[in-house]
Amino acid sequence: VSDWHRLIPLAWAHVARRTPLREQKRTCASLLCQLATASKGGSLRKVSCVEPRKYVRESECRANVTRYRLEEQRTPVARGVLEREKVISALLDMGFSDIHVNELLSMWPSVPTQQVLDFISELILLGLNPEPVYVAVKKSPELLKLPMMHVRKRSSYLRKLGLGEGKLKTVLLCCPEIFTMPQRDIDGIVGVLREKCLFTVQQVTRILHRCPYVLQEDPGELEYKFQYAYFRMGVKHADVVRTDFLRYSITRIQQRHVFLERLGRYQTPDKKGQTRVPNPLLKDILRVSEAEFLARTACSSAAEFDVFKKLFAREEEEKTESPMPDSERLSVDEEEEEEEEGEE
């Protein structure tokens, strides 16, 4: 109130200069009424011509600060919305549908949308179409959390193996873990195929393309499977690759091969590749169902094959429980060598 009393002369002079003489009395009465009301505890309305300049500036500064803080709070949200819209637009341009885009961005909400776009772009550059990319990511959502440096290194490695230009589609659909597997595990499988099994570079590429499940196998078991095909069944490298032999389990291979062998319908080729009986094709042994195998290839009944599988499983257990001593193993090897020399 004291501040307002000090301002009364200034305010009245200002009002007097702008008010005609006949209206000065009326204006003075209204000002006195406002001051009287304020002195009795009432609220005083703000009059722009009477309010001090410093109070006006302070209120304007407070309004500006409040407005700046509100804009500061809204900026990250606005940036996030703009970034998400850009990512959605880019994914739609790549050929993804609206449903696919929404699911891809909602799988890992904590992952930045730009990281999702970078990973999917890397797969598109490898020659993949949007549909297999979506299926692979849906099957293994952990792919979206991979660092981009790791993804680019793995992509470069897959290109060196020949798994670019669309060949990665089958591998990624069957084994999306190819991006999350440790590098030493992939090197171990590739090393077995090249160094132990002696496949060529082109054959290794075709095996990884057509039989990607070999990447998840134990290197020792993979080597044994090839040795069984090469030495026990007489299958050559080209036939192993052409028939996708390595995609089947060793149990399936042994059961059907030994069953045919004991029926007299399969014989291991000699060194010249000749047999006394015509062996059935590998596709008629492994690719067909069990019913078709028994009806067309083995010409036997399901009951007979079930009995054989039980006996064969028992034989394999006995072999693992009581392995052949080294002395007997050496004698068997010597006998085989003598027989080979006699044949020569």
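Arg210 is partly exposed, with a relative accessible area of 31%. That makes a handy entry point into this predicted model, so let us start there because its value falls between the buried limit of 20% and the exposed limit of 50%.

**Arg210 and its surroundings**

Arg210 sits in helix 10, which covers residues 201-210. Which residue does the side chain of Arg210 meet in a polar contact? The partner is the side chain of Asp244, at 2.7 Å. Setting aside neighbours within four places in sequence, Arg210 is in contact with Asp244 as well as Val241, Arg242 and Arg287. Thr243 offers a further view of this region: 33 residues separate Arg210 and Thr243 in sequence, while their C-alpha atoms are 9.7 Å apart in space.

**A pocket lined in part by Arg242**

Arg242, one of the contacts of Arg210, also appears in the lining of the second largest pocket. This pocket has a volume of about 310 Å³. Helix 12 and helix 14 (282-287) are the elements that give two or more residues to its lining. Helix 14 supplies the largest share, three residues. In total, 16 residues line the pocket, and those nearest its centre are Asp239, Arg242, Pro280, Leu281 and Leu282.

**Helix 11**

Helix 12 (237-242) is also among the elements that cover the buried residues of helix 11, together with helix 9 (183-196) and helix 13 (250-263). The buried residues in helix 11 include Leu222, Glu223, Lys225, Phe226, Tyr228 and Ala229. The length of helix 11 is easy to check: its 14 residues (219-232) should span 20 Å at 1.5 Å a residue, and the end C-alpha atoms are 19 Å apart, which agrees. At the start of this helix, a side-chain oxygen of Asp218 comes to within 3.0 Å of the backbone nitrogen of Gly220. After the helix comes Gly234, with a positive phi near 75 degrees.

**Arg194 and Ser155**

Helix 9 holds Arg194. Is Arg194 buried or partly exposed? With a relative accessible area of 35%, Arg194 is partly exposed. Apart from neighbours within four places in sequence, Arg194 is in contact with Leu161, Phe199, Val201 and Val204. Val204 lies ten residues from Arg194 along the chain, and their C-alpha atoms are separated by 7.2 Å.

Ser155, in helix 7 (residues 148-160), has a relative accessibility of 0% and therefore counts as buried. A polar atom of the Ser155 side chain lies 2.8 Å from the backbone oxygen of Val151. Not counting residues up to four places away in sequence, Ser155 touches Glu122, Leu126 and Phe179.

Here are the three residues side by side.

| Residue | Relative accessible area | State |
|---|---|---|
| Arg210 | 31% | partly exposed |
| Arg194 | 35% | partly exposed |
| Ser155 | 0% | buried |

**The chain as a whole**

Stepping back, the chain has 17 helices and zero strands. Of its 344 residues, 31% count as buried. The chain exposes about 22,300 Å², with carbon and sulfur atoms supplying 52% of that area. Among contacts with a separation of 6 or more, 68% come from residues 24 or more positions apart.

Definitions and conventions:
Residues numbered from 1 in each chain as written. Predicted model: local features only at pLDDT ≥ 70, side-chain atom pairs only at ≥ 80, totals over all residues. Heavy atoms only, no water. Helix = DSSP H or I, 4+ residues; strand = E, 2+ residues; numbered from the N terminus. Buried < 20%, exposed > 50% of the residue type's maximum accessible area, 1.4 Å probe, protein only. Polar contact = N/O pair within 3.5 Å; in protein donor to acceptor, adjacent residues only side chain to side chain. Contact = heavy atoms within 4.5 Å. Areas by Shrake-Rupley, 256 points an atom, 1.4 Å probe, with all protein chains shown as cover. Expected span 1.5 Å × (residues − 1). 1 Å grid on protein atoms, 1.4 Å probe; cavity = no way out; pocket = protein on both sides within 12 Å on 5 of 7 lines; lining within 4 Å. Points joined across faces, edges and corners; volume = space filled by probe spheres on them.
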